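Me: I have a predicted model open and would like a close look at a single part of it, helix by helix if need be. Could you walk me through what sits where and what touches what?

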Amino acid sequence: MLGRFFIHLLRSLKSEKDAVNPISEYFFNNPGRLIHKWHHYFEIYHRHFARFRGRSPVIVEIGVFHGGSLQMWRNYFGPGARIIGIDIDPRCRRFEDESTTILIGDQSDRRFLAEVRERLPQIDILIDDGGHTMTQQITTFDELYPHIQPEGIYLCEDIHTSLMEEYGGGYRREGTFLEYSKALVDRLYGWHSREPNRLTADDMTRTTFALHFYDSVLVMEKRPMKPPQSTMTGTPSF
């Protein structure tokens, strides 16, 4: 009986590991417009986006390209989702329909991003797949991360451009998005700082539950946070 139990357990674990990812399934059987994605992104997407499926989320994707990913998100999140694509190329307007909005503008333009905030009272998930330059990624985070709903998701992809000179990057070069995002880890720990003149809890600390670093991707989970508490329970051993 014990042997059968372990065989069943192993089969269950294998089936979970090998379960079909609906995003990768759509991509590799793409019936629609052109999509360009790194394959390892699909697991990341599904891991962090699954809880929004069927809940009519507001999805903002910066970087429309040929419009294929807009169709992929529609398929994944369901017919109630509101999809907003942002791109600098006015040709992308052709992808607009009754449930998909296309905004044309430069993601490094703070005035344009302020207009985005005005037009969108709520953002559940923001995907930055835009121009991938350091200025674009940092400006977009600064202007739109606070506007994501309190339990929403921010995802910036292709941040390996922080290592590429043509995007303004370089290994440990000051001012890259990768170095900028590393400093966000310090801010996540702001509750514990004993040097308040250098680091303290700020709005990001109070609104961010976790940062997840993957190859070329940063995912940030928002959640209202309070100062951490610590207690002890049980009987001392000595």
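Reply: Glu 43 and Arg 47 are the exposed residues on the face of α3 turned away from its buried side. Keep in mind that this is a predicted model. The helix itself covers residues 41-49, and its buried residues are Tyr 41, Phe 42, Ile 44, Tyr 45, His 48 and Phe 49. Looking down the axis of α3, you'd find those buried residues within an arc of 160°, so they line one face of the helix. Here's the general rule behind that sort of pattern: with 3.6 residues a turn, an α-helix has residues three or four places apart pointing the same way.

What lies over that buried side? The cover for the buried residues of α3 includes two helices, α2 (22-28) and α4 (68-77), along with the strands β4, β5, β6 and β7.

Let's follow one of those strands. β4 runs over residues 123-128, and Ile 127 is part of it. Ile 127 has 0% relative accessibility, so it counts as buried. Setting aside neighbours within four places in sequence, Ile 127 contacts Phe 49, Ile 59, Val 60, Glu 61, Ile 62, Trp 73, Leu 155 and Glu 157. Phe 49 in that list should ring a bell, as one of the buried residues of α3. For a sense of distance, take Arg 33: it is 94 residues from Ile 127 along the chain, and the two C-alpha atoms are 19 Å apart.

Now over to α7, which spans residues 177-188. It has 12 residues and reaches 17 Å from first C-alpha to last, close to the 16 Å expected at 1.5 Å a residue. Its buried residues are Phe 177, Ser 181, Leu 184 and Leu 188. Down the axis of α7, these fall within an arc of 40°, so they too line one face of their helix. Among the elements covering them are α6 (134-144), β5 (148-157), α8 (203-207), β6 (208-214) and β7 (217-222). You've met β5, β6 and β7 already, in the cover of α3.

Ser 181 is worth a stop while you're in α7. With a relative accessibility of 0%, Ser 181 counts as buried. Beyond its neighbours within four places in sequence, Ser 181 is in contact with Leu 211, Phe 213 and Leu 218. Phe 141 is 40 residues away from Ser 181 along the chain, with 9.7 Å between their C-alpha atoms.

That brings us to how α6 and α7 pack. Their axes come within 9 Å and cross at roughly 30°, and the two helices are therefore roughly parallel to each other. On the α6 side, the residues involved are Met 134, Gln 137, Ile 138, Phe 141 and Asp 142; on the α7 side, they meet Phe 177, Tyr 180 and Leu 184. Phe 177 and Leu 184 are also buried residues of α7.

Last, the cysteines, in case you were wondering about cross-links. Searching the whole structure turns up zero disulfides. Take Cys 92: the closest cysteine sulfur to its own is that of Cys 156, and at 18 Å that is too far for a bond. For a pair to count, the sulfurs would have to be within 2.5 Å. Both are tucked out of reach as well: Cys 92 counts as buried because its relative accessibility is 3%, and Cys 156 counts as buried at 0%.

Conventions:
Residues numbered from 1 in each chain as written. Predicted model: local features only at pLDDT ≥ 70, side-chain atom pairs only at ≥ 80, totals over all residues. Heavy atoms only, no water. Buried < 20%, exposed > 50% of the residue type's maximum accessible area, 1.4 Å probe, protein only. Helix = DSSP H or I, 4+ residues; strand = E, 2+ residues; numbered from the N terminus. Expected span 1.5 Å × (residues − 1). Arc of directions from axis to C-beta. Contact = heavy atoms within 4.5 Å. Axes fitted to C-alpha atoms, helices over the stretch in contact; angles between N-to-C directions. Parallel < 35°, antiparallel > 145°, perpendicular 65-115°, else oblique.
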